[in-house]
Amino acid sequence: MRTTITSALSVAVIFLGSLAQISCSSQSEAGVAEIKLPTVQCEACVMKITSTLKKETGVKDVNVDLQKKLAKVSYLKDKTDLDKLESAVALAGYDANSKKADKKAYKGLPGCCKVSDKKH
Ligand SMILES: [Cu+2]
């Protein structure tokens with residue numbers, strides 16, 4: 001009986017120990033980037049930009065607001081930075097802050113996702 005209690009206790013100790021390790025392992029600093037998306041047009045654009053950003057290393061969470069034409073990205077500062085995130089969006093075919101959309105990628109977007117004025 002005693003052995004059972006002792007081994008149960010040691011299992012509990014090991015379990016708690018691993019929990020403590022998990023909570024201490026992510027020490028990297030998190031930041032939130034705001035990316036203006038002046039050319040975002042519809043839900044399909046939102047989905048595309050969201051999945052593009054989520055694929056980036058160090059990105060934890062992405063929230064694209066279609067009305068505000070703004071993406072909010074939570075990311076780990078030692079893994080990526082605003083410049084890389086903007087480039088990823090630009091490569092997907094959308095303007096990101098002051099970065100212009102990659103022309104080829106923009107041409108490949110569905111018609112509904114293209115800006116209706118002829119500036120592009
Ligand atoms: Cu669209």
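## Close-ups of a copper-binding chain

**View 1. The whole chain, as an overview.** Residues 24 or more positions apart make up 55% of the contacts in the chain that have a separation of 6 or more, a contact being heavy atoms within 4.5 Å. This is a predicted model, in which local features need pLDDT of at least 70 and side-chain atom pairs count only at pLDDT 80 or more, while totals for chains, interfaces and linings use all residues. Residues are numbered from 1 along each chain as its sequence is written, and side-chain values use heavy atoms, with hydrogens and water left out. The chain has 4 helices and 3 strands; these are DSSP runs numbered from the N terminus (helices: H or I, at least four residues; strands: E, at least two). Walk along the sequence and you get α-β-α-β-β-α-α. Of the 120 residues, 32% count as buried, where buried is under 20% relative accessible area, exposed is over 50%, and partly exposed is in between (1.4 Å probe, protein chains only). The chain exposes about 8,200 Å², with carbon and sulfur atoms supplying 58% of that; the areas come from the Shrake-Rupley method with a 1.4 Å probe, and for residues, only the protein chains shown count as cover.

**View 2. The copper ion and its cysteine donors.** Three sulfurs sit around the copper ion: SG of Cys 42, SG of Cys 45 and SG of Cys 113, at 2.1 to 2.2 Å. Donors here are N, O and S atoms within 2.8 Å of the metal (3.2 Å for Na, K and Ca), and water is not among the atoms, so sites may look incomplete. The sequence spacing of the donor residues reads C-x2-C-x67-C. Cys 42 belongs to the loop between strand 1 (30–36) and helix 2 (43–55), and Cys 113 to the segment after helix 4 (103–107), so the pair ties together parts that are 71 residues apart in sequence. Cys 113 is buried too, at a relative accessible area of 2%.

**View 3. The open sheet and the helices that pack on it.** The sheet is open, built from 3 strands in the order 1-3-2, with antiparallel pairing; strands pair if DSSP finds at least two bridges between them. Strand 1 and strand 2 are the edges, each pairing on one side only. From one strand to the next, the twist averages 15°. Helix 2 packs on the sheet, touching strand 2 and strand 3, and its direction makes about 165° with that of strand 2. Helix 3 packs on the sheet as well, where it touches strand 1, strand 2 and strand 3, at about 40° to the direction of strand 1. For the angles, axes are lines fitted to C-alpha atoms (for helices, over the stretch in contact), and values run from 0 to 180 degrees between N-to-C directions.

**View 4. Strand 3 and its bridges.** Strand 3 is mostly covered, with 5 of its 7 residues buried. Strand 1 pairs with strand 3 in the antiparallel sense over 7 bridges, and strand 2 (residues 59–65) pairs with strand 3, also antiparallel, over 6 bridges. Ala 71 of strand 3 stands opposite Ile 35 and is also the bridge partner of Val 64. Other bridges put Asp 61 with Ser 74 of strand 3 and Asp 65 with Leu 70 of strand 3. Strand 2 and strand 3 form a hairpin with 4 residues between them, and Lys 69 in the turn has a positive phi of about 50°.

**View 5. Two loop side chains that reach backbone nitrogens.** Asp 81 sits in the loop between strand 3 (70–76) and helix 3 (82–91) and is partly exposed, at 34% relative accessibility. Its side chain reaches the backbone nitrogen of Lys 84 at 2.9 Å; a polar contact is a pair of N or O atoms within 3.5 Å, where within protein one must be able to donate a hydrogen and the other to accept it, and residues adjacent in sequence count only if both atoms are side-chain atoms. The C-alpha atoms of Asp 81 and Thr 57 are 10.0 Å apart, with 24 residues separating the two along the chain. Thr 39, in the loop between strand 1 and helix 2, is buried at 6% relative accessibility. A polar atom of the Thr 39 side chain lies 3.3 Å from the backbone nitrogen of Asp 95.
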